There are 2 protein chains.
Amino acid sequence: MGNIRATFRSQCDNGNAMDARIPSSNTESPWLPFESRRRARDEKREAVLRAAVQLFLEQGYHRATLNDVAKRLNITKPALYNYFRGKDEILFECWSIGHELVDECIAETSASAGSGLDKLRKLTIRYAELMTTDYGKSLVRFDLRDLSEHNRKTVQTAKRRIDRAFRDYIASGIADGSVKPCDPKLAAFAIAGSLNWIGHWFQPGGELTGRAVAEEFAIRLTDGIAKTTTRETTTRKAAVPAAEKAGKPPRKGNASREDGSEHHTRAAAGAAGQSKRSRGRLR
Amino acid sequence: MGNIRATFRSQCDNGNAMDARIPSSNTESPWLPFESRRRARDEKREAVLRAAVQLFLEQGYHRATLNDVAKRLNITKPALYNYFRGKDEILFECWSIGHELVDECIAETSASAGSGLDKLRKLTIRYAELMTTDYGKSLVRFDLRDLSEHNRKTVQTAKRRIDRAFRDYIASGIADGSVKPCDPKLAAFAIAGSLNWIGHWFQPGGELTGRAVAEEFAIRLTDGIAKTTTRETTTRKAAVPAAEKAGKPPRKGNASREDGSEHHTRAAAGAAGQSKRSRGRLR
DNA sequence: ACTATTTATTACCCGTGGGTAATATACGGG
DNA sequence: CCCGTATATTACCCACGGGTAATAAATAGT
């Protein structure tokens, strides 16, 4: 039955020519079928996450099995446990990467100059574009309840932080006169909801590029509350910065290390990278 | 272990006083603990659906088990199979009810007079309010991929119909001058996305009523594309019409009735009720 | 009352899939 | 060259939950 020895290699024929790191479906496996398996640990870890997030999005978290994930990487299920404590931790890490990317967007936006409306637009366009990527979709397509208690709290906190950013920009926009008076809470819900929904319908192969959707939405969503209706060409900048490697293995270990919560820095490229990633669960 | 004989009755102490039918979390079971179990078949069927949709929303489809559903109704799992062919069919029926409700909204809106913008606003407010109900949430919180091939197609078709309604109203609004020129497709995505997201965050117990959210969203979302910015008090009408009973049992039967697709009419109260519900799957 | 039909119950099956134990192979350093 | 560590494999466990078979209780009809 098993014995999937060589005979693979399958979809690993795109040679190289990739420098963009995180967001972009980077489908190649560091595990070449049966020989030459060395490579930095973190690259493998990230490869697992890339495969996992793709599968979770394609099939849904519950339908996608760890065997599926492993198969896509030319390895077997137990090998995954060298890098993660369990399925839900993989899910959490996908979520974490998404949140780091959002935090970068927020940090950059907050650091920039401009009115409240300017910032709202800037965040909107960045957030929208993020929603067209795999890790961005993670933020809205996965179910909080699949996480452990501890990790769920972490994610909830992060989500609140995002919501806060939208509200703050709107509120400051009202204060500086760039935004019409309105309830920041509901307005934020309306805008963020529309953006989040992108993660449900956007398909990378479609007629629309992520950038195009982002720009259109930025105009459409902010026009309703802007004091002066603008149809400007929005700011143009680089897509998303790369992520540099760091951190160390989770190690399950037979010596019961209870509640080991360690950190894994994934520095931002341009802005202040205070993005951490906590690991470990109690079980 | 088992032997859950009497000793129940639990949460069945709200006496009566219920007349509102479908949308409104109507938590009471026609199966009183162990005596007097008669009642029309369809009422039981609907009670199953009410319990199921609540549980699916609370816990998520995959975490909620049929035992959970049954327990909430004071019955046991196999009893559910008197009314449904399987778990995924229950899910589908929840979806179907939601779609019938949407179809009613669309039908009423289309039948009404007014500009494209008027219709867009009318649909928006109704749709938003629907998203605050259990069956409305079904439309956006459940996963298509949990359905059988056949049922999935049905739902997809229905979803396209909804999308079409939004686009058509926007397009006709552009034609009659009530809406600013824009891409109907993207504008519809933006509005519907925002509305759909309500189904993810709205909690009935919160500070906001469904009606309040609906009215605020109707203004907020259409202001961006309206030619004349209005802050009108939106139309006031009755919530949602009742549903009358009809149809007949699915019956699994040991005589293999392959591919039995029957219909179950659920007439609308005010508008033309062409809402059908197809049943059966191939397996 | 007896019987047929519907509707529920108890007891069970079994596929699936997350997770683990034991083990084999590669790698790196002294 | 050999040993320790990291990393992978094979083979297994077992809980969970959807679904079914056999059966019992209730209901309706005559």
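Hi everyone. Before we start, one definition: contact here means heavy atoms within 4.5 Å. Keep that in mind as we look at this predicted model.

Let's begin with how the two chains relate. A rotation of 180° with 0.0 Å of shift along its axis lays chain A over chain B, with an RMSD of 0.0 Å. That is how a two-fold axis relates its copies. And how do the copies meet? Of the interface residues of chain A, 100% are interface residues in chain B as well, so the copies come together through the same surface.

Now let me take you to helix H9 of chain A, residues 210-223. From first C-alpha to last, its 14 residues reach 20 Å, close to the 20 Å expected at 1.5 Å a residue. Is H9(A) enclosed or open? Well, 12 of the 14 residues are buried, so the rest of the structure largely encloses this helix. Among the buried ones are Gly210(A), Val213(A), Phe217(A), Ile219(A) and Leu221(A). What do they pack against? The buried residues of H9(A) pack against H5 and H8 of chain A, and also against H8 of chain B.

Gly210(A) leads us to my last stop, because Thr132(A), a buried residue with a relative accessible area of 11%, touches Gly210(A). You'll find Thr132(A) in the loop between helix H5 (116-130) and helix H6 (134-141) of chain A. Leaving aside residues up to four places away in sequence, Thr132(A) also touches Lys137(A), Ile198(A) and Phe202(A). And a polar atom of the Thr132(A) side chain sits 2.5 Å from the backbone oxygen of Glu129(A).

Thanks for listening!

Notes. Residues numbered from 1 in each chain as written. Chains lettered and ligands numbered in written order. Predicted model: local features only at pLDDT ≥ 70, side-chain atom pairs only at ≥ 80, totals over all residues. Heavy atoms only, no water. Helix = DSSP H or I, 4+ residues; strand = E, 2+ residues; numbered from the N terminus. Buried < 20%, exposed > 50% of the residue type's maximum accessible area, 1.4 Å probe, protein only. Polar contact = N/O pair within 3.5 Å; in protein donor to acceptor, adjacent residues only side chain to side chain. Least-squares fit on C-alpha atoms with pLDDT ≥ 70 in both. Expected span 1.5 Å × (residues − 1).
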